[in-house]
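Work through the exercises below with the model open. Each task is followed by its solution.

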Amino acid sequence: PQTGPQGKLVQRLYIEEGTAIARELYLSILVDRATARVAFIASTEGGMDIEAVAHDTPEKIATISVDPAAGYQPYVGRKIAAALKLEGDLAKQCNKMMGQLYKAFTEKDMSLLEINPLVVTKDNMLVCLDAKVNFDSNALYRHPEIVELRDLSEEDPKEIEASKFDLSYVALDGTIGCMVNGAGLAMSTMDIIKLYGEEPANFLDVGGGATKEKVAAAFKIITADPKVKGILVNIFGGIMKCDVIAEGVIAAVKDVGLKVPLVVRLEGTNVELGKSIINKSGLNVISADDLNDAAKKIVKAVKEAA
């Protein structure tokens with residue numbers, strides 16, 4: 001179900017020896033935004049959907065924060081062992097393991113380290129049986145050894161191309177391609193497309209300091225998606241200049257052509273210059289006054305073209 005009916009080619013296979021499990025536990029380390037600290041989340045309900053546990057039996061989940069000034073201390077491990085109902089030698093193993101995990105989390109700039117399940121074996125050993133690790137992408141320049149682990153075969157080719165230009169791009173299943181500046185505005189654009197009866201084909205934030213080349217690359221990525229039946233460019237220029245967006249769109253269209261309806265809404269810095277550039281380009285562009293108008297026009301154009 002994760003790969004859809006078309007399936008996906010398996011590139012590598014991991015083989016793990018069998019483990020005689022006595023108990024399954026849950027453990028994760030994450031950055032707790034509420035306390036601005038690294039926190040351990042521990043539960044005796046391992047091997048299950050932790051969100052369901054949090055919803056149905058929140059008392060079975062313990063959160064233990066780490067004071068950044070003191071770092072990991074043995075009392076943190078003792079609290080976690082108590083929360084997981086580990087005693088004796090298992091508690092000692094837990095204390096040592098938690099210190100090692102915290103060290104890995106901080107030194108490797110992780111944003112999430114989730115172990116589900118953390119198991120107690122029948123010969124009384126504590127084992128990290130399965131793990132999910134997320135890294136802070138802003139810190140990857142410090143960890144070339146982690147970058148080397150990236151498996152491009154597991155990623156969407158369009159998202160790979162977008163990452164080369166430092167574009168925030170996520171492929172979706174809809175028909176209307178979106179190019180927007182600012183994540184909040186991009187989310188609003190996607191919402192209003194849905195409101196008027198269509199689905200967005202992507203999330204794409206070109207950022208505030210995009211160049212003409214970056215905008216052109218973004219436009220080409222959108223048009224390369226065969227599901228895209230229309231494109232909405234929604235720019236509220238503050239740092240981002242409307243004329244740069246206009247030049248980038250025109251450069252991309254001249255390069256790859258325009259086979260679907262295109263609605264452009266520009267507002268903000270150099271907006272008149274941006275509109276002038278588009279109007280003089282000779283492109284078949286539908287101009288919009290605001291976001292509501294833009295969404296209505298692109299949905300109407302896509303339905304008429306269908």
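**Exercise 1.** Classify Lys85 as buried or exposed.

Solution. Lys85 has 62% relative accessibility, so Lys85 counts as exposed. The classes are buried under 20% relative accessible area, exposed over 50%, and partly exposed in between (1.4 Å probe, protein chains only). Next, place the residue: Lys85 sits in the loop between α2 (74–83) and α3. Helices (H or I, at least four residues) and strands (E, at least two) are DSSP runs, numbered from the N terminus. Finally, check the backbone: phi of Lys85 is near 60°, a positive value in a residue other than glycine.

The model is predicted: local features need pLDDT of at least 70, side-chain atom pairs count only at pLDDT 80 or more, and totals for chains, interfaces and linings use all residues. Residues are numbered from 1 along each chain as its sequence is written, and side-chain values use heavy atoms, leaving out hydrogens and water.

**Exercise 2.** Do the same for Asn270.

Solution. Asn270 has a relative accessible area of 33% and is partly exposed. Its phi is also near 60°. Asn270 lies in the loop between β11 and α9 (271–280).

**Exercise 3.** Find the peptide bond before Pro117 and state its geometry.

Solution. Asn116 and Pro117 are joined by a cis peptide bond, with omega about 10°. Pro117 belongs to strand β4 (residues 110–121). Most peptide bonds are trans.

**Exercise 4.** Which residues of α10 are buried, and what do they pack against?

Solution. The buried residues include Leu291, Ile298 and Val302. The buried residues of α10 pack (heavy atoms within 4.5 Å) against β8 (176–180), α6 (183–195), β10 (230–237), β11 (262–268) and β12 (285–287).
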